[in-house]
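Thank you all for making time for this. Please have a look at the sequence and the model as I put them up, and then I will take you through a few places in turn.

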Amino acid sequence: MRIGITCYPTYGGSGVVATELGLELAARGHEIHFISYAVPVRMSAASERIHFHEVEMLDYPLFDHPPYTLALATKMRNVAANESLDLLHVHYAIPHSVSAYLARAMLAPRRLPFVTTLHGTDITLVGADRSFLPITRFSIEESDAVTAISRYLREVTLQEFDLKRPVEVIPNFVNFDVFQPPEDHERRGEFAAPHEKLLVHLSNFRPVKRVPDVIEIFDIVRKEIPAKLLLIGDGPERTVAEWMVHEKGLVRDVVFMGKQNQVQNLLGLADVLLLPSDLESFGLAALEAMACGVPCVCSREGGVGEVITDGVEGYLVPPRDVRTMAERTLKILAEPGRREAMGKAARDRASREFCAPKIIARYEKLYESVLNSQ
Ligand code: GMT
């Protein structure tokens, strides 16, 4: 198949999933055309079947807000026509599904179906905002197929948007050749001494991720056992996190890594991943850590419960309950054998339910059914 994929190219779960999907599809012989305003962060042109088309924006003084939705729609239409695309697959409803709707209409009577994948904040935060709700609902209803990355997100979407159409749950996935426990732990020494435990957090540091709670949890843990904290990512909450680290006297114990493209080389060095978000529709960072054999302590709000069973691959705790999150982290670290057992359970679960080949086959099946339906 010849597939156009659109996503946000920045650091964020939806862009990562869209990019990894494109790479996996190309490896299976499909022709992939990424269409966005910049090259997606995890994209590599490792295959001749992977192409990138940049959406150029007209910089005209009349436009306080350049109309990206329209530029994207035009680019989608042109790429579809020039490259004979079979379909478009857009990740994150706003504004991508609206652009895809316009591209499909512009190209008629030639057929250009589009699939919309919902990731979370496109529904729970942005889409549910009254200024966006009608157009989000419209573009979801108009999509030729709609998927959500968890059962939780499907239920919220059906309720919030009062949808009458089916929404299929296709969970996120992880590439097990890339995300695996490190073969040697030499690099761990860069961050922690042998007697110290290593905690990790990975996010885009938006308020919903509760990065200050990560620092609070670490502070409690650090008072009980020697430990270090690795913070991967960057975003609006970094400044407050740095200030807290300074105020609590943790400067020598916390490493701010900033944005990283090769997170697979870092996650597996850790003993526990902390993800105390107010809400996660899925929690891709947790899945990637699980594939590396790392147990996770997460907040239970949203769809993380579909990825982790409390007490098996990690722990689920109510959001903002930093004391219990710290207590669960200490339980993993202090009880002999628990970190190893949970890490193994985490990798097993990830490989059983969320390995790339299994999930990619479901997308292929969906594309085929869209192309075969009238
Ligand atoms: O969480 C973010 O801030 C990024 C956001 C995105 O759309 O890029 O992530 C959402 O999609 C990820 C990939 O499907 C999910 O793993 C995240 O749980 C989801 N974020 C939220 O629901 C807050």
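When I speak of helices and strands, I mean DSSP runs numbered from the N terminus, with H or I over at least four residues for a helix and E over at least two for a strand. Residues are numbered from 1 along each chain as its sequence is written, and side-chain values use heavy atoms, with hydrogens and water left out. The model is predicted, so local features need pLDDT of at least 70 and side-chain atom pairs count only at pLDDT 80 or more, while totals for chains, interfaces and linings use all residues.

Let me begin with the backbone, in the loop between strand S4 (87-91) and helix H3 (96-107), where proline 95 lies. Tyrosine 92 is also placed in the loop between S4 and H3, and its phi is near 85°, a positive value in a residue other than glycine. Isoleucine 94 and proline 95 are joined by a cis peptide bond, with omega about -10°. Another cis peptide bond, with omega about 10°, joins alanine 108 and proline 109, and proline 109 lies in the loop between H3 and strand S5 (114-118). For comparison, most residues other than glycine have a negative phi, and most peptide bonds are trans.

Now to the ligand: which residues come nearest to it? Of the 19 residues around the ligand (those with a heavy atom within 4 Å of it), the nearest are Ser14, His119, Arg206, Lys209 and Glu280. A polar side-chain atom of arginine 206 lies 2.9 Å from a ligand oxygen atom, and for lysine 209 the corresponding distance is 2.7 Å. For glutamate 280, a polar side-chain atom lies 2.5 Å from an oxygen atom of the ligand.

The shell around the ligand divides into six nonpolar, ten polar and three charged residues, where Ala, Val, Leu, Ile, Met, Phe, Trp, Tyr, Cys and Pro count as nonpolar, Asp, Glu, Lys and Arg as charged, and the others, Gly among them, as polar. Helix H1 (residues 13-27) gives the most to this shell, with three residues.

Terms used:
A polar contact is a pair of N or O atoms within 3.5 Å; within protein, one must be able to donate a hydrogen and the other to accept it, and residues adjacent in sequence count only if both atoms are side-chain atoms.
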